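I am opening a notebook page for this structure, and I will write down what I looked up in the order in which I looked.

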Amino acid sequence: VDLDTRSIDPSQIVDRRGGRGGMPRGGLALGGGGLGVLGVIAMLVLNVLGGGGGSGYDVNPRSNGFPSSASGRGDAPLRGGSTDNETRFVTEVVNLVQSSWDTQFREAGRTYQPTELVLFTAQTRSGCGIASASTGPFYCPADRRVYLDLSFFSQLRSRLGAPGDFAQAYVIAHEFGHHVQTLLGIDSQVRRAQEERPSQRNELSVRLELQADCFAGVWAHSAFEEGRLESGDLEEGLAAAAAVGDDRLQRQATGYVDPESFTHGTSQQRQEWFNTGYQSGSPNSCDTFGGND
Ligand SMILES: [Zn+2]
């Protein structure tokens with residue numbers, strides 16, 4: 001992505017790294033110490049086998065949300081002078097994604113409500129319970145915030161095989177896609193449908209996740225139109241969408257694939273919907289709930 005480093009708006013980022021407002025280390029079984037490859041694979045197995053979604057929406061499958069109860073301290077605003085390159089990158093992508101949705105909403109006669117991305121290390125509290133680095137990036141509808149531990153990006157690069165700045169941008173855009181779903185009331189409709197039809201819980205989750213992928217593609221289209229896409233960016237985004245497909249993650253973790261337990265869609269579906277959004281540039285193309293539902 002070609003970013004404009006002059007126009008950074010740090011107000012959309014909350015920085016809880018370095019212990020500020022975070023949880024004490026070691027408070028949760030999986031917190032602190034680093035998981036290692038085997039730990040991550042074990043988590044993936046648990047997550048994949050755990051089935052349905054939790055109370056927040058992530059980019060990669062995991063199990064039933066977070067352990068409850070946490071007391072958090074105050075949030076520190078991002079200090080413009082102390083930002084490293086990775087933080088600047090995240091901030092600028094967040095700014096761009098939200099600016100793009102602001103335009104989309106205005107064109108549709110609606111008002112986009114910007115939200116914040118919370119940067120944390122190891123673990124932190126959220127409106128959906130305690131988040132830990134092992135759960136990966138996620139969106140919490142209860143407090144309407146995106147949560148991200150930057151260590152996920154090195155997992156994405158090395159363990160999930162999706163390198164590149166646009167792979168990271170895709171992850172961020174996917175999470176803000178969930179925010180868009182919340183603002184449009186799609187999220188609450190899906191939750192209601194899941195309660196009414198528990199047998200379709202996973203299928204509805206897949207449709208919701210694929211729509212967030214499509215919304216990420218809609219943003220990628222606007223980044224292209226603004227001349228921000230560099231050679232290889234689209235491929236990086238597509239590779240990242242495939243890297244977090246249920247089938248690929250299950251095969252990596254267990255050696256076999258159980259479609260009934262899918263919560264996010266296959267690698268192919270995720271690529272296709274990201275590409276649908278990218279090609280059209282319109283959220284109206286993201287009707288993942290059409291078809292036989
Ligand atoms: Zn998601």
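**Entry 1: the metal site**

Which residues coordinate the zinc ion, and through which atoms? I note before answering that this is a predicted model. I found that the zinc ion is held by Asp58 through O, by His174 and His178 through NE2, and by Glu209 through OE, at 1.9 to 2.0 Å.

I then looked up how these donors are placed along the chain, and I wrote down the spacing D-x115-H-x3-H-x30-E. His174 belongs to helix 4 (residues 165-183) while Glu209 belongs to helix 6 (residues 201-225), so this pair ties together parts that are 35 residues apart in sequence.

Next I checked the geometry, where the angles among the four donor atoms run from 95 to 140° and the site is classed as irregular. I wanted to see why, and the reason is that four donors count as tetrahedral only if all angles lie between 85 and 135 degrees, whereas the range here reaches 140°.

Are His174 and Glu209 buried or exposed? I found His174 buried at a relative accessible area of 0%, and Glu209 is buried too, with a value of 2%.

**Entry 2: helix 6 again**

I stayed with helix 6, where Asp213 is also found. Asp213 has a relative accessible area of 0%, and I therefore list it as buried. I also looked for a partner far away in sequence, and I noted Cys286, which is 73 residues from Asp213 along the chain but 8.9 Å from it in space, C-alpha to C-alpha.

**Entry 3: the largest pocket**

What is the volume of the largest pocket? I wrote down about 270 Å³. The pocket is lined by 13 residues, and those closest to its centre are Ala108, Arg110, Leu184, Pro283 and Asn284.

I then asked which elements give two or more residues to this lining, and they are helix 2 (85-107) and helix 6. Helix 2 gives the most, with three residues. Sorted by class, the lining has nine nonpolar, three polar and one charged residues.

**Entry 4: a residue of helix 2**

Having met helix 2 in the pocket, I picked out Thr91, which has its place in that helix. Thr91 is buried, at 0% relative accessibility. I noted as well that its C-alpha atom is separated by 7.3 Å from that of Gln12, although the two residues are 79 residues apart along the chain.

**Entry 5: two helices with a buried side**

Which residues of helix 3 (residues 151-159) are buried? I listed Phe152, Phe153, Gln155 and Leu156. They cover an arc of only 160° around the axis, which means that they sit on the same side of helix 3. I recalled a general point here: an α-helix has 3.6 residues a turn, so residues three or four places apart point the same way.

I repeated the search for helix 8 (residues 246-254), where the buried residues are Asp246, Asp247, Leu249, Gln250 and Ala253. Their arc around the axis is only 165°, so they too are on the same side of helix 8.

I also looked at what comes just after each helix. Gly161 takes a positive phi of about 70° just after helix 3, and Gly255 takes a positive phi of about 90° just after helix 8.

**Entry 6: positive phi without glycine**

Which loop holds Ala122? I placed Ala122 in the loop between strand 4 (117-119) and strand 5 (123-126). Its phi is near 70°, a positive value in a residue other than glycine. Ala122 has a relative accessible area of 15%, and I count it as buried because the cut-off is under 20%.

I made a second note for Arg144, which is not a glycine either and has a positive phi of about 55°. Arg144 lies in the loop between strand 7 (138-140) and strand 8 (145-148), and at 33% relative accessibility it counts as partly exposed.

**Entry 7: an exposed loop residue**

I ended with Glu260, which lies in the loop between helix 8 and helix 9 (267-280). Is Glu260 buried or exposed? At 71% relative accessibility, I count Glu260 as exposed. Glu260 and Asn202 are 58 residues apart in sequence, and I noted a C-alpha to C-alpha distance of 7.5 Å between them.

Definitions and conventions
Residues are numbered from 1 along each chain as its sequence is written. This is a predicted model: local features need pLDDT of at least 70, side-chain atom pairs count only at pLDDT 80 or more; totals for chains, interfaces and linings use all residues. Side-chain values use heavy atoms; hydrogens and water are left out. Donors are N, O and S atoms within 2.8 Å of the metal (3.2 Å for Na, K and Ca); water is not among the atoms, so sites may look incomplete. Four donors count as tetrahedral if all angles lie between 85 and 135 degrees; four count as square planar and six as octahedral if opposite donors are over 155 degrees apart and all others between 65 and 115; anything else is irregular. Helices (H or I, at least four residues) and strands (E, at least two) are DSSP runs, numbered from the N terminus. Buried means under 20% relative accessible area, exposed over 50%, partly exposed in between (1.4 Å probe, protein chains only). The arc is that of the directions from the helix axis to the C-beta atoms. On a 1 Å grid over the protein atoms alone, a cavity is a set of points where a 1.4 Å probe fits but cannot get out, and a pocket is an open set with protein on both sides within 12 Å along at least five of seven lines; lining residues have an atom within 4 Å of a point. Grid points are joined across faces, edges and corners, and a volume is the space filled by probe spheres set on the points. Ala, Val, Leu, Ile, Met, Phe, Trp, Tyr, Cys and Pro count as nonpolar, Asp, Glu, Lys and Arg as charged, and the others, Gly among them, as polar.
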